[in-house]
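Trainee: I have a structure open and I'm not sure where to start. Can we go through it together?
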Amino acid sequence: MSSTPGHLLILTRFCLLLALSGRVAYGQSTPTPLSTTATGPTIWFTGDMTDVTTTTSPGILLAGGSTDVDDAMRWFLRKSGGGDVVVLRASGADGYNTYLYSTLGETVNSVETILLNSAAWVNDERVVQTIRNAEALFIAGGDQGKYVSFWKDSKVEDAINYLINTKKVPVGGTNAGCAILGAIYYPVFNESLASAEALSDPYHTNLMLGKNNFVNAPFLANTITDTHFAQRNRQGRLVAFLARMQTDWHITGRGIGISEKTAVAIEPTGVATVFGSSVAYFATPSGSGKPEQCVAGKRLAWSAKGKAIRIVEVQGSGTFNLKTWDTPAGSPVRYWYVEDGGLQMQP
């Protein structure tokens, strides 16, 4: 791993590096940020300044939060073909640089973390070109409300979708970064929604949804992702999300709930492999009917004779086909339903 003295690079040095490398480059790894909001977003860089072009393989990584799953992150890095990795975030610092560049033991040319914590830089051509040049993109955890507020309808949003659908490089996210990858997403502009709030009133002020206007990832159409799933008892709010999708948009929605220390790695075939120590939950309404009651100010009711939502639980190393949503052999299936605002789970 290369390094430079631990001080901010001056503008002359920045321009020289940019001219010599032909790359949007802000410097190499230092213990302090390499640029400030006076000249651009805060950036941390580790690795080789020379931009490389490698053969990549597409894939989407959905991580459930807490400790990262090393095997899932290795899967992600291998798909970059040893290229340049960009990490986007709206809070925090350079925690992923060393981890992705050297700790995991996979070869990559560089890791560059960009702190986009305002809308001031989301249309900056240097930032956008850095993202578009990446062979892998990872969106860190934090607050997805900031990601939506700052990045939506910007050139950064366009660059993310370019990487996924045109350049076809691996793109992943954890926690908040995972929560924005579904075509249906929960932006958390207010306080984080609790399951009890969602079930007591599916139109609670903390329940809001975006649809088909942010990230466009394969196999995640009509799908919402949720993280810290089992640990934070988010089963009820996922059911409420599906109820709103059915009621408001007549969508038979799908949900992927990912527990902590767990990740779902989606191949270009649509087959997803679960990595980690816990469980991923694949949820979809078992029939075409709407909830019996999904109105503002009243408790949610969605029974369908005790089989409103079909749940497939997949442990680490198991797989699930997101193209067909068929139940894999050997995976347990159970049903969730809601009566009088209370979540019930059929064994």
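**Contacts, burial and cavities**

Mentor: Start with Thr 284, and bear in mind that this is a predicted model. Not counting residues up to four places away in sequence, Thr 284 touches Thr 252, Gly 253, Arg 254, Ala 308, Ile 309, Arg 310 and Trp 325.

Trainee: Where is Thr 284 found?

Mentor: Thr 284 is in strand β13.

Trainee: Is Thr 284 buried or exposed?

Mentor: Thr 284 counts as buried, because its relative accessibility is 8% and the cut-off for buried is under 20%.

Trainee: What about Ser 303, where is its place?

Mentor: Ser 303 is in the loop between β13 (279-285) and β14 (309-315).

Trainee: And is Ser 303 buried or exposed?

Mentor: Ser 303 has 15% relative accessibility, so it counts as buried. Not counting residues up to four places away in sequence, Ser 303 touches Glu 292, Ala 308, Tyr 337, Val 338 and Glu 339. Ala 308 is also among the residues that Thr 284 touches.

Trainee: Let me zoom out. How many helices and strands does the protein have?

Mentor: The secondary structure comes to 9 helices and 17 strands. The protein has 347 residues, and buried ones make up 56% of them.

Trainee: What share of contacts join residues at least 24 apart?

Mentor: Among contacts between residues at least 6 apart in sequence, 74% join residues at least 24 apart.

Trainee: Give me an example of residues far apart along the chain.

Mentor: Take Ile 164 in helix α6. Ile 164 and Asn 216 are 52 residues apart along the chain, and their C-alpha atoms are separated by 7.8 Å. Leaving aside neighbours within four places in sequence, Ile 164 is in contact with Ile 60, Val 171, Val 215, Asn 216, Ala 217 and Pro 218. Ile 164 is buried, with a relative accessible area of 6%.

Trainee: Got another one, maybe in a different helix?

Mentor: Gly 145 is in helix α5 (residues 144-151). Between Gly 145 and Pro 187 there are 4.7 Å in space, C-alpha to C-alpha, and the two are 42 residues apart in sequence. Leaving aside neighbours within four places, Gly 145 is in contact with Pro 187, Val 188 and Phe 189. With a relative accessible area of 5%, Gly 145 is buried.

Trainee: Those are buried. Is Lys 323 buried or exposed?

Mentor: Lys 323 counts as exposed, because its relative accessibility is 62% and exposed means over 50%. Lys 323 is in the loop between β15 (319-321) and β16 (333-339). Its contacts, leaving aside neighbours within four places in sequence, are Phe 219, Thr 269 and Gly 270. The C-alpha atoms of Lys 323 and Pro 268 are separated by 9.9 Å, with their positions 55 residues apart along the chain.

Trainee: Back to helices. Which residues are buried in α4?

Mentor: Val 127, Val 128, Thr 130 and Ile 131 are buried in α4, which runs over residues 125-132. These residues cover an arc of only 160 degrees around the axis, so they are on the same side of α4.

Trainee: Why do residues three or four places apart point the same way?

Mentor: An α-helix has 3.6 residues a turn, so residues three or four places apart point the same way.

Trainee: What do the buried residues of α4 pack against?

Mentor: They pack against β3 (84-89), β4 (110-115) and α6 (155-167).

Trainee: What happens at the start of α4?

Mentor: A side-chain oxygen of Asp 124 reaches to within 2.9 Å of the backbone nitrogen of Arg 126 there.

Trainee: New topic, backbone angles. What is phi of Lys 168?

Mentor: Phi of Lys 168 is near 60 degrees, which is a positive value in a residue other than glycine. Lys 168 is in the loop between α6 and β6 (170-174), and it is partly exposed, with a relative accessible area of 40%. Asn 175 is not a glycine either, and has a positive phi of about 55 degrees. Asn 175 is in the loop between β6 and α7 (176-179).

Trainee: Last thing. How many cavities of 30 Å³ or more are there?

Mentor: The count is 2. The largest cavity holds about 50 Å³ of space. It is lined by 14 residues, and Ala 63, Thr 67, Asp 68, Val 69 and Thr 262 lie nearest its centre.

Trainee: Which elements give two or more residues to that lining?

Mentor: β2 (59-63), α2 (70-78) and β11 (262-266) do. By class, the lining of the largest cavity has 6 nonpolar, 6 polar and 2 charged residues.

Definitions and conventions. Residues numbered from 1 in each chain as written. Predicted model: local features only at pLDDT ≥ 70, side-chain atom pairs only at ≥ 80, totals over all residues. Heavy atoms only, no water. 1 Å grid on protein atoms, 1.4 Å probe; cavity = no way out; pocket = protein on both sides within 12 Å on 5 of 7 lines; lining within 4 Å. Points joined across faces, edges and corners; volume = space filled by probe spheres on them. Helix = DSSP H or I, 4+ residues; strand = E, 2+ residues; numbered from the N terminus. Nonpolar A, V, L, I, M, F, W, Y, C, P; charged D, E, K, R; others polar. Buried < 20%, exposed > 50% of the residue type's maximum accessible area, 1.4 Å probe, protein only. Arc of directions from axis to C-beta. Contact = heavy atoms within 4.5 Å. Polar contact = N/O pair within 3.5 Å; in protein donor to acceptor, adjacent residues only side chain to side chain.
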